[in-house]
Structures are given as C-alpha cells and as structure tokens.
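Let's take a walk through this protein, one stop at a time. Keep the structure open and turn it as you read.

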Amino acid sequence: MLNVSGINAFYGKIQVLKNVGLHVEEGSIVTILGANGAGKTTTMKTISGLLKPKEGKIEFLGEDVTGLRPDQLLRKGIALVPEGRQILAGMTVMENLEMGAYHRKDKEIEKDLEMVLARFPILKEREKQLGGTLSGGQQQMLAIARAIMSKPKLLLLDEPSMGLAPLVVADIFNIIKEIRETGTTVLLVEQNARQALKISDFGYVLETGKIVAEGSAADLLTDSRIKEAYLGVKS
Ligand SMILES: Nc1ncnc2c1ncn2[C@@H]1O[C@H](COP(=O)(O)OP(=O)(O)OP(=O)(O)O)[C@@H](O)[C@H]1O
Ligand SMILES: [Mg+2]
C-alpha cells in the first residue's frame, strides 16, 4: 500500500532522514520505534506531505505521491494524527469532528459522524464542549476520531499514547486494533514499544535518521538487542 524509498530529508542544512525506506502492507499495523530525536516525527511529516524530502520516493496505492501537499494526500487517503494531538482547542468537539471531513463531498458524512460518536461515547457526551477543556486522553480520542472522519485508507499515528495514564493507554491501543479491523491500515510511532509491537504485524527501528533494524513484530519482540534498547529488558 505504502512504499517509501531512499528518503533524504532536511531541516535547513541539517539532514534528519538518511536513506529511509519502509513498506506498509494494506490491512496491517506497522510500528516505527526509535529514541527521542531519531527522526520518527520527521518520517511521519514526510509521508503526510508536511515536509518535502530532498530525495527519495513515496508511492501510495501504486501511485507516485512524492511532493504532494498534505491536503492532496488526505484526499488520496493518508491522514495524520500528529504528535501532541493538536486538536482545535477553541472549537467544540462536534466542530473538530466536522473539520475532519471538511474536504469530503459524499453523502456519508452524517452517517460516519454517528458511527464515530457511537464508537467514542465520551465524545458524544461532550459534543458541545470546547476541545481544550477535554482531558489528555479525551483529546487524543478526539484527534483520532477527527482523522477517522476523513475516511483514511492509511492512518498515521504519531505517539498516540504519550503522556496518558496506563488505563487510557490500554484504551488507545484497543482503539488502534479496532481501526485496523474496520479495514484501515495503520502506521504507528510509539515509545511504548512493547505494547505497540504486540498489536503490530511489522516494525522498523530508526536511529539517528536511519533504519537500523526491521522485522516481524514477533521477531522484534524477542530480539535481544531490541529488548535491551527499547523494551526495557536486559537479555
Ligand atoms: N522544525 C525543526 N527544525 C530543525 N530541526 C528539527 C525540527 N524538528 C525536529 N528537528 C530535529 O530533527 C531530529 C529528528 O526529530 P524528530 O522530531 O523527527 O524526532 P522523533 O524521533 O520524533 O523524536 P521524539 O521521540 O522526541 O518525538 C532531532 O534532532 C530534532 O532536534
Ligand atoms: Mg516525535
């Protein structure tokens, strides 16, 4: 579904991504692991069109989409839930959800809105409340729900569990599994490496802008180097 190859990306003169390549199969969950500053967010920004790579190619559903803008990629089915959620704090929950569908012209928007509110009852309860008054976990749910309203084929989630209490983290991981079950492919960035790999099919490890390891999630979970560096277990 998504094929990224030979990506070199820069902020000004500083090269952050070095020959990054990755592959996401349709219907799968793929996780990118990496320490702070490894380039995970930059990878997500590049795939969603927020940062144009200097070199490399991004193919989505067989089409070369390198260099397209975020709104063009959203129409093709790539939606990003950015790091730090970035919901519209001064707008109501309902307005945030409607913003997710702003580019759609189909007649299913109302139906999808009902479906999303049924899936996230807490958002239905707080429909008229301003986004900024929600708790961290609720804001994350709103950010994910808003992205679902764009009807993505590929959902990019950048650290969705960051800063959330363990029970809420478990909720978020369950939601990600459900999203995949409804047919949406997921590319996930997580520092909560063990939980992320447990729900994933495949994983990549990014270190200082380079992919240094990749494998099935099951293999990565048992790899002694990965365990030591990312899973908090000495082998
Ligand atoms: N807008 C920017 N301008 C210049 N340098 C940046 C910018 N954003 C990130 N960087 C640098 O690029 C590198 C990769 O950052 P990135 O945010 O992609 O890492 P990350 O893996 O997402 O880290 P974290 O786990 O902290 O979210 C870091 O060295 C960071 O300081
Ligand atoms: Mg990041």
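Is N19 buried or exposed? With a relative accessible area of 57%, N19 is exposed, because anything over 50% gets that label. Bear in mind as we go that this is a predicted model. You'll find N19 in strand β2, which covers residues 14-24. Its backbone has a quirk: N19 isn't a glycine, yet its phi is positive, at about 55°. To put that in context, most residues other than glycine have a negative phi.

R85 has a positive phi too, of about 70°, and R85 is not a glycine either. This residue sits in the loop between β6 (78-81) and α3. Its relative accessible area is just 13%, so R85 counts as buried.

Now follow the chain to α3, the helix made of residues 93-100. M99 is part of this helix, and at 37% relative accessibility M99 is partly exposed. Together with L88 and M91, M99 makes a nonpolar surface patch of about 220 Å².

M91 also turns up at our next stop, Q129. Look for Q129 in the loop between α5 (121-125) and α6 (136-148). Leaving aside residues up to four places away in sequence, Q129 touches M91, T92, V93 and L134. Q129 and A89 are 40 residues apart in sequence, and their C-alpha atoms are 9.9 Å apart in space. Q129 itself is partly exposed, with a relative accessible area of 28%.

Next, look at how two helices sit together. Helix α7 runs over residues 166-181, and its axis lies 10 Å from that of α6, at an angle of about 10°. That makes α6 and α7 roughly parallel to each other, because angles under 35 degrees count that way. On the α6 side, the contact is made by G137, Q140, M141, I144 and I148. On the α7 side, V168, D171, I172, I175 and I179 make the contact.

Time for some charged side chains. In general, side chains of opposite charge can pair when their charged atoms come close. How many salt bridges does the model have? The count comes to 11.

One of them joins the side chains of E108 and K111, with 3.0 Å from N to O. E108 is partly exposed, at 31% relative accessibility.

Another salt bridge pairs D112 with K151, whose closest N and O atoms are 3.4 Å apart. D112 belongs to helix α4 (residues 109-119), while K151 is in the loop between α6 and β7 (154-158), so this pair ties together parts that are 39 residues apart in sequence. The two partners differ in cover: D112 is buried at 6% relative accessibility, whereas K151 is partly exposed at 43%. Their bridge also belongs to something wider, since R104, D106, D112 and K151 are linked in a network of salt bridges.

For the last stop, find D201 and R180. They form a salt bridge in which the closest N and O atoms are 2.8 Å apart. D201 lies in the loop between α8 (193-199) and β9 (202-207), and R180 is in helix α7, so the bridge ties together parts that are 21 residues apart in sequence. D201 is partly exposed, with a relative accessible area of 35%, and R180 counts as partly exposed at 22%.

Key: Residues are numbered from 1 along each chain as its sequence is written. Chains are lettered from A and ligands numbered from 1 in the order in which they are written. This is a predicted model: local features need pLDDT of at least 70, side-chain atom pairs count only at pLDDT 80 or more; totals for chains, interfaces and linings use all residues. Side-chain values use heavy atoms; hydrogens and water are left out. Patches are made of residues with over 30% relative accessible area and no salt bridge: like charges are joined within 9 Å, nonpolar side chains (Val, Leu, Ile, Met, Phe, Trp, Tyr) within 5 Å. Accessible areas come from the Shrake-Rupley method with a 1.4 Å probe; for residues, only the protein chains shown count as cover. A salt bridge is a side-chain nitrogen of Lys or Arg within 4 Å of a carboxyl oxygen of Asp or Glu. Helices (H or I, at least four residues) and strands (E, at least two) are DSSP runs, numbered from the N terminus. Buried means under 20% relative accessible area, exposed over 50%, partly exposed in between (1.4 Å probe, protein chains only). Contact means heavy atoms within 4.5 Å. Axes are lines fitted to C-alpha atoms, for helices over the stretch in contact, and angles run from 0 to 180 degrees between N-to-C directions. Angles under 35 degrees count as roughly parallel, over 145 as roughly antiparallel, 65 to 115 as roughly perpendicular and the rest as oblique.
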